[in-house]
Amino acid sequence: MTKGIFISFEGPDGAGKTTVLKEILPSLRKMTENEVLLTREPGGVSIAESIRDVILDVKHTNMDDKTELLLYMAARRQHLVERILPALEKGSLVLADRFIDSSVAYQGYGRGLDTAAVTWLNNFATDGLKPDLTLYFDVDSEIGLARIEQNKEREVNRLDLEKIDMHQRVRSGYLKLAAENPERIVTIDASRPLNEVAEEALLVIQRRCLKK
Ligand code: TYD
């Protein structure tokens with residue numbers, strides 16, 4: 001058993017979860033005496049960041065879907081062992097920008113790989129560790145894609161170049177996951193202005209994880 005609290009942030013591209021995370025971080029730091037660790041997948045540690053560069057390289061248009069899945073899993077394992085588990089053992093509040101649900105939504109529902117196999121691989125890579133809470137930022141795919149186009153500062157990656165139907169499949173995958181895991185996944189309507197979305201995210205975290 002770990003002592004810390006583990007929260008993952010999920011959503012289709014353009015949902016704004018990374019922006020919301022940055023926005024609520026100072027408030028979260030004030031709400032808890034424990035250390036707060038913000039990290040991201042794929043990446044978070046050197047080996048996983050190198051794997052991230054391979055996965056997201058726009059030149060790698062010929063990457064096989066199963067290769068892509070296995071690379072995400074390899075990055076996840078290294079990130080978990082090197083960063084997430086030690087932080088949880090110290091009692092930290094760990095905020096992960098993407099985790100297991102991204103693989104089910106993107107490689108499972110999005111790419112069409114067997115979702116049971118993706119779930120099995122997730123369990124293998126994480127030894128079954130699940131976040132205590134997952135915030136799913138839900139946004140219509142057209143709005144999400146329009147936001148990506150507007151945000152010129154964000155790096156464009158290989159997955160951003162996918163067509164709208166891939167983004168729609170990813171979103172319906174997330175909605176299915178949220179319906180199947182109501183005790184873990186809380187859906188937040190991310191089509192609203194940033195301050196409203198951030199406020200709701202903070203309230204959910206406070207109510208579910210930081211109540212004294
Ligand atoms: P990133 O630039 O971090 O995008 P975002 O800010 O939207 O999180 O790129 C991560 C991309 O990797 C994103 O398109 C989702 C995808 N992804 C998967 O397809 N499967 C996974 O298991 C993970 C962790 C991410």
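A polar contact is taken here as a pair of N or O atoms within 3.5 Å, and in this predicted model the side chain of R52 meets that criterion, since one of its polar atoms lies 3.1 Å from an oxygen atom of the ligand. Two further side chains approach ligand oxygen atoms in this way: for K17 the distance from a polar side-chain atom is 2.8 Å, and for D13 the distance from an N or O atom of the side chain is 2.9 Å. The ligand taken alone exposes 550 Å², of which the protein buries 94%.

The elements that contribute two or more residues to the shell around the ligand are α1, α2 (46–56), α3 (65–89) and α4 (100–110), with α4 providing the largest share, 4 residues. Of the 18 residues in this shell, K17, Y72, R98, S103 and Q107 come nearest to the ligand. By class, the shell comprises 8 charged, 5 polar and 5 nonpolar residues.

Turning to the nonpolar cores, the largest contains 26 residues, and those with the most contacts inside it are F9, I24, L95, L135, F137 and I205. Two or more residues of this core come from each of β1 (5–10), α1 (17–31), β3 (93–97), β4 (133–138), β5 (185–189) and α8 (194–209), and the largest share, 7 residues, is supplied by α8. Another core, of 24 residues, lies apart from the largest one and includes L69, Y72, M73 and A125. When residues up to four places away in sequence are not counted, L95 touches I7, F9, L21, L25, L28, V36, L37, L38 and T39.

Notes
Residues numbered from 1 in each chain as written. Predicted model: local features only at pLDDT ≥ 70, side-chain atom pairs only at ≥ 80, totals over all residues. Heavy atoms only, no water. Core = buried A, V, L, I, M, F, W, Y, C linked by side-chain atoms within 4.5 Å. Buried < 20%, exposed > 50% of the residue type's maximum accessible area, 1.4 Å probe, protein only. Contact = heavy atoms within 4.5 Å. Near = heavy atom within 4 Å. Polar contact = N/O pair within 3.5 Å; in protein donor to acceptor, adjacent residues only side chain to side chain. Areas by Shrake-Rupley, 256 points an atom, 1.4 Å probe, with all protein chains shown as cover. Nonpolar A, V, L, I, M, F, W, Y, C, P; charged D, E, K, R; others polar.
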